[in-house]
Amino acid sequence: MQGKILSTQLISGDDGKRYEYDKNDVINLDGKDLALLTGSQVEFVSFDKRVAKSIYIIAENLNVSSILSADSISSARTKALWGLGLLFFISLFDILILGTTLIVEQIIDIGHFFNFIILYIWLIIAIVSFVLYSIAIYSVSEAAASKSLFKNYIKAIITIFLCGLCGFVLLIPTIMLLANIEYVDIFSRVMVVLLLAMIALIAAIYPYKIHAELARLSGSSLFLWAFWIFVVSVLLYLSVFGIFVEFAEIITSLASAVSIIAWVLLFVAWWRFKKLEKR
């Protein structure tokens, strides 16, 4: 008989009846998360007309709604990987698409409308990436019954926003000051970097707690490695506004390379996160 998976415990048969089933009776599950397979077509046998046995998945239906609604570690991992993948995509989008636009504008006038379209596409992808990653953190928090993980994530968002606002306010006079860098003494330049670094480190308090808990729950120190390497990349970026302003291109290129390393480590950490470690 054929049917469709309605939930992790229920199948709707083609005969109009519903059958209960056990995960262990799905023969070709191959480690997949049943919560993500809602709507998939299956073949099965039933001996008492209420329970399905010897279940084969014949057509998977991995859809967006099932990804967003599932709260297991497997679904959280899927959301996080998609979020990180989209984040990497918009980084390439900045380099490739916007760079190409600047070249095209040297040849023809493509107008402001096209630039707005590009900006909206970037914003949409960025928002989707943020939402997916946020749901991933929430899913892990629910699966692990953690009282602190998602709360720290919300606090991290608020703290980063406020510190980013403070940093932006500080950067305005800093940029004006550094416009005549040859007249600025080294002490003032160091103080600028220290102030920006202090703001960045304050903003990093809750992200550290998040990655420390993810490292503990997953048993992988890659979460913390990714965090600290990303902090190094941020500090490198900030150093351009003071100490190493003369070497801005070299330092920003180095910072970009370091941030890519952090992204790769975080991606691998989520890829390997398949179950909760026993506490």
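## Buried, exposed or in between

A residue is called buried when its relative accessible area is under 20%, exposed when that area is over 50%, and partly exposed in between. Take Lys53 as a try-out: its relative accessibility is 34%, so Lys53 counts as partly exposed. Keep in mind that what you're looking at is a predicted model.

## The overall build

Let's start with the whole protein. There are eight helices and five strands here. Follow the sequence from start to end and you get the pattern β-β-β-β-β-α-α-α-α-α-α-α-α.

How much of the protein is buried? Of its 279 residues, 36% are buried. The accessible surface adds up to about 16600 Å², and carbon and sulfur atoms hold 69% of that. Now for the contacts: counting those with a separation of 6 or more, 66% are between residues 24 or more positions apart.

## Two salt bridges

Side chains of opposite charge can pair up when their charged atoms come close. How many salt bridges does this protein have? The count is two.

One of them joins Lys53 and Asp25, with 3.5 Å between the closest N and O atoms. This pair ties together distant parts of the chain, as the two residues are 28 residues apart. Lys53 is in strand β5 (residues 52-59), while Asp25 is in the loop between β3 (18-20) and β4 (41-46).

Glu213 and Arg216 make a salt bridge too, and here the closest N and O atoms are 3.5 Å apart. Both of these residues belong to helix α6, and they're three residues apart, or about one turn of the helix. Are the two partners buried or exposed? Glu213 has a relative accessibility of 7%, which is under 20%, so Glu213 is buried. Arg216 has a relative accessible area of 45%, so Arg216 counts as partly exposed.

## A positive patch on the surface

Which residues form the positive surface patch? Four lysines do the job: Lys147, Lys151, Lys155 and Lys209. To join a patch, a residue needs over 30% relative accessible area and no salt bridge.

Lys209 is a good one to look up in the structure. You'll find Lys209 in helix α6, which covers residues 205-218. Glu213 and Arg216 lie in helix α6 as well. Why does Lys209 count as partly exposed? Its relative accessibility is 38%, and that value falls between the 20% and 50% cut-offs, so partly exposed is the right label for Lys209.

Technical notes. Residues are numbered from 1 along each chain as its sequence is written. This is a predicted model: local features need pLDDT of at least 70, side-chain atom pairs count only at pLDDT 80 or more; totals for chains, interfaces and linings use all residues. Side-chain values use heavy atoms; hydrogens and water are left out. Patches are made of residues with over 30% relative accessible area and no salt bridge: like charges are joined within 9 Å, nonpolar side chains (Val, Leu, Ile, Met, Phe, Trp, Tyr) within 5 Å. Accessible areas come from the Shrake-Rupley method with a 1.4 Å probe; for residues, only the protein chains shown count as cover. A salt bridge is a side-chain nitrogen of Lys or Arg within 4 Å of a carboxyl oxygen of Asp or Glu. Lys and Arg count as positive and Asp and Glu as negative; His and the chain ends are not counted. The place of a charge is taken as NZ of Lys, CZ of Arg, CG of Asp or CD of Glu. Helices (H or I, at least four residues) and strands (E, at least two) are DSSP runs, numbered from the N terminus. Buried means under 20% relative accessible area, exposed over 50%, partly exposed in between (1.4 Å probe, protein chains only). Contact means heavy atoms within 4.5 Å.
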